[in-house]
Amino acid sequence: VVLYTSVKTFTNEYDVEIEWDLTTRCNYSCSYCKSYDNTKPLSVKTLPEYEEAIDYLISYFPKKRIKIDFLGGEPMLFKEWPELLDTVYIKGHIPKIITNLAIPLKTLKNKLRDKNFKECIDVSFHPEFADPNSFIDKVNFLYDNGFLKTGGVLMHPDYWDICTNVFDKLQHTGKIGYSKIKNEDTNSNSIASGFIEYNEEQEKLLSK
């Protein structure tokens, strides 16, 4: 029996990684996700307040390169998210934003015009709410312009054909994977109570 007391991950890209729940709200209410109370009003700070917090993090980790992952629920509910990514990038650190990409394509293009940060947007497809063709178009735009970091299709058994179609049509990017969906359980101390139920054929495909 081997007992592991700690796990360390080594990367040359950055020294410190910080996950930042920017909005604690989501514009989707997926059946398997209970993380956020979407009935409450959105509570965000101003851009200068967030920039001040970034300066604090940089001062707290002197001589360290920091990767800051902006999470949500949906972090793009904060309208000035490109300026926030710019702030991290200009100060010599690594920004990343994880989004369901519900933002309209025209808005996405406008917000990313003339931005220099690259490969910093992670995307996820949630079939209960996302329009598949619109999602594909937006991912292709991000990929073609160098903004796409990686992405995943949440494989919902009730929307199986839609999910596989989205996954197949984005394989040319080399950046999109798929995953099983965890079933969150707010009645226990754990974040999730396991995975949602898949049939035998679906399980076989997912195991690959």
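Q: In which helix is the place of Lys 138?
A: This is a predicted model, in which local features need pLDDT of at least 70 and side-chain atom pairs count only at pLDDT 80 or more, whereas totals for chains, interfaces and linings use all residues. Residues are numbered from 1 along each chain as its sequence is written, and side-chain values use heavy atoms, with hydrogens and water left out. Helices (H or I, at least four residues) and strands (E, at least two) are DSSP runs, numbered from the N terminus. Lys 138 belongs to the run of residues 132-144, helix H4.

Q: How many Å away from Lys 138 is the nearest side chain of opposite charge?
A: Lys 138 is buried (under 20% relative accessible area with a 1.4 Å probe, protein chains only; exposed is over 50%, partly exposed in between). Lys 138 nevertheless has no salt bridge (a side-chain nitrogen of Lys or Arg within 4 Å of a carboxyl oxygen of Asp or Glu). The nearest side chain of opposite charge belongs to Asp 131, at 7.3 Å.

Q: Which residue offers the backbone oxygen that the side chain of Lys 138 reaches?
A: Lys 138 touches several residues more than four places away in sequence, among them Leu 101, Pro 104 and Leu 108 (heavy atoms within 4.5 Å). The backbone oxygen reached by the Lys 138 side chain, at 3.0 Å, is that of Ile 103.

Q: Which strands stand at the edges of the sheet?
A: The six strands form an open sheet in the order E1-E2-E3-E4-E5-E6, with parallel pairing (at least two DSSP bridges between two strands). Two of them have a single partner strand each, so one side of each is left without a neighbour in the sheet: E1 (16-21) and E6 (176-179).

Q: Which residue in E5 is the bridge partner of Ile 121?
A: E4 pairs with E3 over three bridges, and Ile 98 stands opposite Asp 122 in E4. E4 also pairs with E5, in the parallel sense over five bridges. In E5, where five of the seven residues are buried, the partner of Ile 121 is Leu 148.

Q: How many residues apart in sequence are the parts tied together by Lys 149 and Glu 13?
A: The structure holds seven salt bridges, one of them between Lys 149 and Glu 13 (3.9 Å, N to O). Lys 149 counts as partly exposed at 27% relative accessibility, as does Glu 13 at 33%. Lys 149 lies in strand E5 and Glu 13 in the segment before E1, so the separation of the parts tied together is 136 residues.

Terms used:
Lys, Arg positive; Asp, Glu negative; His and termini not counted. Polar contact = N/O pair within 3.5 Å; in protein donor to acceptor, adjacent residues only side chain to side chain.
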